[in-house]
Amino acid sequence: MQPQGDNSPMAERAMSRSHNHVYERLVSSPDDAVGAFAYVLYKQHKVAFIRNILEQYARPPTDEEMAVFCQQSGLESQLEGYKSRAQALAENFLANGLMEHVARISLELRESEFSRRFDVIERKLDGRRGFWGWCAQVSANLLVNVVTIIVVGAAVIGYRSLSSLNSSAEISLHLGPTQTQQRPDAEPPLK
């Protein structure tokens, strides 16, 4: 193992042999979240490959098997597969996170709106619970009853006045009920 910071050609060759540059090919910048997800998928694939060899042959993979894995996983089509799966994971993650956020905000808005309306109703009811609230309700009911009595009284007085006016007009014009309209027990009109 070479000491850290050794830049000799031998260290670079050893590093290039054990390092396959997949990270650099998948992750384009420190802010590349999709590339980071793709690299995680590559690492999961690598761990699954090693576990498979361990389970099948009860030994770790040989250098040749690891070289074949690195060669296959470093193919451009394989890297594009990691990237497309990473893109789908990122979109899923963002969509789920966004849906949860929208649901939480929606619930908070509904709760705050419900709370505001409930507070308004509670204040109105509190105003009606006391003595003065009771007096206001009784006064309102009395006022409605008085207005109803006045309207009904005006209708009755108006009907009687109209009836009296019609009777006076009939008498002054000497209009009397016709024979067909008279009752049999009524007296004949005066001439």
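**Notes on an all-helix chain pattern**

1. Reading along the sequence, you get α-α-α-α-α-α. Put as a count, that is six helices and zero strands. Keep in mind while browsing that this is a predicted model.

2. Some whole-chain numbers to start with. The chain has 191 residues, and buried ones make up 12% of them. As for contacts, take those between residues at least 6 apart in sequence: 47% of these join residues at least 24 apart.

3. Now the packing of helix 3 against helix 4. Two packed helices are described by the angle between their axes and the distance between the axes. Helix 3 covers residues 33–57 and helix 4 covers residues 63–73; their axes come within 11 Å and cross at roughly 150°. The two helices are therefore roughly antiparallel to each other, given that angles over 145 degrees fall in that class. As to handedness, helix 3 passes helix 4 in a right-handed crossing.

4. Which residues make the contact between these two helices? On the helix 3 side they are Tyr-42, His-45, Lys-46, Phe-49, Ile-50 and Ile-53, and helix 4 supplies Glu-65, Met-66, Phe-69, Cys-70 and Ser-73. Sorted by character, the contact residues come out as seven nonpolar, two polar and two charged.

5. Next, the loop between helix 3 and helix 4, which is where Ala-58 lies. Most residues other than glycine have a negative phi. Ala-58 goes the other way: its phi is positive, about 55°, although it is not a glycine. Is this residue buried or exposed? Ala-58 is exposed, with a relative accessible area of 69%. If you are checking backbone torsions, here is one to look at on screen: the positive phi of Ala-58.

6. On to the aromatics. There are five aromatic pairs in the structure. One of them joins Tyr-42 and Tyr-82 in an edge-to-face arrangement, with 5.9 Å centre to centre and 75° between the planes. Tyr-42 sits in helix 3 and Tyr-82 in helix 5 (residues 76–129), so this pair ties together parts that are 40 residues apart in sequence. Tyr-42 is buried at a relative accessible area of 1%, and Tyr-82 is buried as well, also with 1%.

7. What aromatic cluster do these tyrosines belong to? Tyr-42 and Tyr-82 form one cluster together with Tyr-23, Tyr-39, Phe-49 and Phe-69. Some of these names will look familiar from point 4: Tyr-42 and Phe-49 of helix 3 and Phe-69 of helix 4 are among the residues making the contact between those helices.

8. Last, a spot on helix 5: Gln-87 has its place there. The C-alpha atoms of Gln-87 and Ala-38 are separated by 8.0 Å, while the two residues are 49 residues apart along the chain. Gln-87 counts as partly exposed, its relative accessible area being 35%, whereas Tyr-82, in helix 5 too, is buried.

Terms used. Residues are numbered from 1 along each chain as its sequence is written. This is a predicted model: local features need pLDDT of at least 70, side-chain atom pairs count only at pLDDT 80 or more; totals for chains, interfaces and linings use all residues. Side-chain values use heavy atoms; hydrogens and water are left out. Axes are lines fitted to C-alpha atoms, for helices over the stretch in contact, and angles run from 0 to 180 degrees between N-to-C directions. Helices (H or I, at least four residues) and strands (E, at least two) are DSSP runs, numbered from the N terminus. Angles under 35 degrees count as roughly parallel, over 145 as roughly antiparallel, 65 to 115 as roughly perpendicular and the rest as oblique. A crossing is left-handed if the near helix is turned anticlockwise from the far one by less than a right angle, and right-handed if clockwise. Contact means heavy atoms within 4.5 Å. Ala, Val, Leu, Ile, Met, Phe, Trp, Tyr, Cys and Pro count as nonpolar, Asp, Glu, Lys and Arg as charged, and the others, Gly among them, as polar. Rings of Phe, Tyr and Trp (its six-membered ring) pair if their centres lie within 6.5 Å; planes under 30 degrees apart count as stacked, over 60 as edge-to-face and the rest as tilted. Buried means under 20% relative accessible area, exposed over 50%, partly exposed in between (1.4 Å probe, protein chains only).
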